[in-house]
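Let's take a walk through a protein model together. Have a look at the whole thing before we pick out any details.

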Amino acid sequence: MSPVAELFESYSDLDDVAQRLADGDAGERRVAIMELADSGDPQAIPLLARALSDADAGVRRQVALALGEFDGVVAATALAAALLDSDQQVAAAAADSAAELKDTNAAPPLLPLVAHARPFVRAAALRALRELRHTATLQPALTALEDKDPDVRVEAVGAIGFLKLDQSLPALIAATDDVDPRVRRAAVSALTFSARDDVAETIVRGLSDEDWSVREAAADSIGALGARPAAGDRLADTLDDAYWQVRLKATRSLGKLKFRRAVHRIALHLRHDEVNLRKESAAALGEIADQAAAPFLEASLHDPDPDVRKTARWALSRLTA
């Protein structure tokens, strides 16, 4: 079939589906919408946008989901409208689809929504803008850091962090003192793009946060800082944290940093009840590759978990390489 014939057939198929969007049966309209999504044809987007006015919320939700199969400014414009739907399930589906957008040019229709009256819409717009990494997002996101709603502030931190702009560092550092631990956690994670000393100090300070999830994020982020002995020593102290999840991230980061002074403290976790921590400890010892870990790893060759035994064998091979 020639390209012209294929194009004609495509338009003919879309025209047929468009007629079915006016069918009196909501189920038939939903099927037509799914077919538009499966077509992958950008010409389907205007048809989907018109279907956002359907009286049936289930149909509108299907439209919001279908728009997730497309990208670009036209799809983003339709999704921005769907985010304002009075039905929460429709709006939630639109938020999920908007978060799948990848074309930076899709940002303009979403930017005004960062100032919308509804917190859900503000948060959803920021969540979508995060993935788009459009520089115009910076100022609205910085303003959103002062939002009364913590969900909005969390998404604002994420959007700013993805931009990786040095001028945003003061605001991200300030966000690590937010009253909401989710915001502090997001800020600690977002700061890792910078190698500045004040950033490193802020992340290390997160190891003392009252909330374990923030300490976990800080322990994970330190692994991206590079060789910093003071941070390594403070991280090693975190191996005694009350939460094994924090210990696990600390262990992983110490392995990345090849922090030899922590070998014996990491090795103690090879006897921990949590299998994931035992496996992570064996992996970290393999990354550090210090001969002092050999007897501990040899004992782990008899661990009841096969993954721990496998990781211990790998770690021992690193010691003799």
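Start with the building blocks: the chain has 19 helices and 0 strands. The chain's radius of gyration is 25 Å, while the globule rule gives 20 Å for 321 residues, so the chain is more spread out than a compact globule. Keep in mind that you're looking at a predicted model.

You can put some numbers on that outline, too. Measure along the principal axes and the C-alpha trace spans about 75 × 45 × 35 Å. The accessible surface adds up to about 15,000 Å², and carbon and sulfur atoms account for 52% of that.

What about the inside? Of the chain's 321 residues, 49% count as buried. Now think about who touches whom. If you take the contacts between residues at least 6 apart in sequence, 63% of them link residues that are at least 24 apart.

Time to zoom in on one helix. Which residues of α3, running over 44–51, are buried? They are Ala-44, Ile-45, Leu-47, Leu-48 and Ala-51. These buried residues sit on the same side of α3, because they cover an arc of only 160° around the axis.

Next, hop over to the loops, where a couple of residues have backbone angles to look at. Arg-133 sits in the loop between α7 (119–132) and α8 (138–144). Its phi is near 50°, which is a positive value in a residue other than glycine. Is Arg-133 buried, partly exposed or exposed? With a relative accessibility of 44%, Arg-133 counts as partly exposed, since that label covers values between the 20% limit for buried and the 50% limit for exposed.

Ala-289 gives you another case. You'll find Ala-289 in the loop between α17 (275–288) and α18 (294–300). Ala-289 isn't a glycine either, yet its phi is positive, at about 60°. Its relative accessible area is 24%, so Ala-289 is partly exposed.

One last stop: Glu-274, in the loop between α16 (263–267) and α17. What does the side chain of Glu-274 reach? It gets to the backbone nitrogen of Asn-276, at 3.2 Å. For a sense of distance across the model, pair Glu-274 with Thr-143: they are 131 residues apart in sequence, and their C-alpha atoms are 42 Å apart in space.

Definitions and conventions. Residues are numbered from 1 along each chain as its sequence is written. This is a predicted model: local features need pLDDT of at least 70, side-chain atom pairs count only at pLDDT 80 or more; totals for chains, interfaces and linings use all residues. Side-chain values use heavy atoms; hydrogens and water are left out. Helices (H or I, at least four residues) and strands (E, at least two) are DSSP runs, numbered from the N terminus. Buried means under 20% relative accessible area, exposed over 50%, partly exposed in between (1.4 Å probe, protein chains only). The arc is that of the directions from the helix axis to the C-beta atoms. A polar contact is a pair of N or O atoms within 3.5 Å; within protein, one must be able to donate a hydrogen and the other to accept it, and residues adjacent in sequence count only if both atoms are side-chain atoms. The radius of gyration is taken over C-alpha atoms; the globule rule is 2.2 Å times the number of residues to the power 0.38. Contact means heavy atoms within 4.5 Å. Accessible areas come from the Shrake-Rupley method with a 1.4 Å probe; for residues, only the protein chains shown count as cover.
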